[in-house]
2 protein chains.
Amino acid sequence: MSNATEIPFATTLLVRDTCLCLHAQRAARALARLFDDALRPAGLTNGQFSLMMSLNRPEPPPMGPVAKLLAMDQTTLTAALKPLQRRGWVEVFPNPRDKRGRLLRLTPEGMRVLTAALPIWESTHAALEKTLPEGNAERLRQDLQALA
Amino acid sequence: MSNATEIPFATTLLVRDTCLCLHAQRAARALARLFDDALRPAGLTNGQFSLMMSLNRPEPPPMGPVAKLLAMDQTTLTAALKPLQRRGWVEVFPNPRDKRGRLLRLTPEGMRVLTAALPIWESTHAALEKTLPEGNAERLRQDLQALA
DNA sequence: ACTATATATATTGATATCAATAGAAATTGA
DNA sequence: TCAATTTCTATTGATATCAATATATATAGT
């Protein structure tokens with residue numbers, strides 16, 4: 001008798017077709033490319049746009065809540081801030097009310113960059129939604145929200 | 001008059017709540033962590049599991065179609081193969097019918113690793129689906145498919 | 001056959017992602 | 001108060017991701 005392990009091809013097809021993680025990674029990559037391409041003239045990636053937009057608040061937020069909002073690891077946020085700080089678009093400064101923490105805010109130049117990017121996001125997103133059947137976008141948002 | 005550019009906070013909230021790209025990145029990150037954690041004992045990440053599973057075919061596939069299946073850039077696939085080749089789980093060999101190309105196949109050891117990972121995927125995915133309302137998973141798969 | 005174009009893949013450089021780990025400050029419990 | 005625990009963030013190392021670019025081979029048009 002053979003000791004060769006083997007997985008039926010039908011199982012492979014089942015995993016491919018049903019894996020929600022794979023489906024999410026695929027869609028995330030495709031949408032990232034779409035928005036990265038569109039935002040390139042503004043000098044931002046989709047992730048940088050989302051991060052900077054999340055900093056446009058009445059009060060500068062600490063890092064933890066921003067990482068949670070973006071559903072990313074806190075160490076990822078630390079790293080993602082680096083190029084934005086280097087370009088002078090985001091400031092990271094001590095939290096006077098918690099000496100462990102730091103607060104984040106857009107610089108005036110960062111705000112200008114974000115303002116320039118906003119109409120690109122609007123048109124790109126509108127075009128994307130137009131490719132989906134009526135109501136699917138809102139449904140998809142709710143379904144995705146349930147996972148993150 | 002002020003020349004300070006500014007984006008209303010309400011606009012920020014709108015972008016956060018409606019951006020399909022952000023929603024997809026968030027869900028993709030959360031699911032990646034879920035499956036990475038589950039698959040860690042098998043020595044695989046979610047992406048490595050998907051890639052290796054996609055190589056379980058009757059005929060070794062070229063790189064291009066595999067990259068397209070995973071909706072990733074071809075250069076990403078080249079890079080993603082490196083650690084799997086190093087561990088001896090995947091072989092990359094010349095395509096006899098096209099000297100530009102290369103074909104991919106699991107090694108016997110790679111097949112063993114994948115076989116060990118499969119029940120972990122099954123239980124993790126079943127548990128995930130159970131957290132979703134009846135029918136939502138299938139609907140979500142279809143909606144995500146439309147984006148990738 | 002020959003040239004122009006297209007296709008398949010690799011490399012480099014920048015950024016994104018997370019685990020493991022560590023340090024500092026805040027909080028909690030006795 | 002003080003020690004134990006928790007919280008907040010940074011660093012390191014491995015992998016993931018893509019743009020820009022380069023090379024080799026295949027294909028198409030003449």
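DNA strand D is surrounded by 29 residues, where a residue counts as near if its C-beta atom, placed from the backbone, lies within 6 Å. The closest are A:Gly64, A:Thr75, A:Gly101, B:Ala79 and B:Lys99. This is a predicted model: local features need pLDDT of at least 70, side-chain atom pairs count only at pLDDT 80 or more, and totals for chains, interfaces and linings use all residues. Residues are numbered from 1 along each chain as its sequence is written, while chains are lettered from A and ligands numbered from 1 in the order in which they are written.

Both chains build the surface near strand D. Chain A supplies at least two residues from each of helix 2 (20-39), helix 4 (63-69) and helix 5 (74-86). Chain B does so from helix 3 (46-54), helix 5 (74-86) and strand 2. Helices (H or I, at least four residues) and strands (E, at least two) are DSSP runs, numbered from the N terminus. Helix 2 of chain A gives the most, with six residues.

Strand 2 of chain B (residues 98-106) also pairs with strand 1 of chain B (residues 90-95); pairing requires at least two DSSP bridges. Six bridges join these antiparallel strands. A hairpin of two residues links them. B:Asn95 stands opposite B:Asp98.

Next, the contact between the chains. Chain B can be laid on chain A with an RMSD of 0.0 Å, by a turn of 180 degrees and a shift of 0.0 Å along the axis. Superposition is by least squares on C-alpha atoms of residues with pLDDT of at least 70 in both copies. That is the relation of a two-fold axis. The same surface serves both copies: 100% of the contact residues of chain B recur in chain A. Contact means C-beta atoms, placed from the backbone, within 7 Å. Each chain contributes 56 residues. On chain B, helix 1 (9-18), helix 2 (20-39), helix 3, helix 6 (108-130) and helix 7 (136-145) each supply at least two. Helix 2 of chain B has the largest share, 14 residues.

The table gives both surfaces by class. Ala, Val, Leu, Ile, Met, Phe, Trp, Tyr, Cys and Pro count as nonpolar, Asp, Glu, Lys and Arg as charged, and the others, Gly among them, as polar.

| Surface | Nonpolar | Polar | Charged |
|---|---|---|---|
| Near DNA strand D | eight residues | eleven residues | ten residues |
| Side of chain B that touches chain A | 33 residues | 14 residues | nine residues |

A:Ala24 touches B:Ala24, B:Ala27, B:Ala28, B:Leu31 and B:Leu144, not counting residues up to four places away in sequence. A:Ala24 is also among the residues with the most contacts inside the largest nonpolar core, alongside A:Met52, B:Ala24 and B:Met52. That core has 68 residues. A nonpolar core is a set of buried Ala, Val, Leu, Ile, Met, Phe, Trp, Tyr and Cys residues joined through C-beta atoms within 7 Å; buried means 20 or more other C-beta atoms within 10 Å of a residue's own.

How values were computed:
A residue is buried if 20 or more other C-beta atoms lie within 10 Å of its own, exposed if 12 or fewer, and partly exposed in between; C-beta atoms are placed from the backbone. Two residues are in contact if their C-beta atoms, placed from the backbone, lie within 7 Å.
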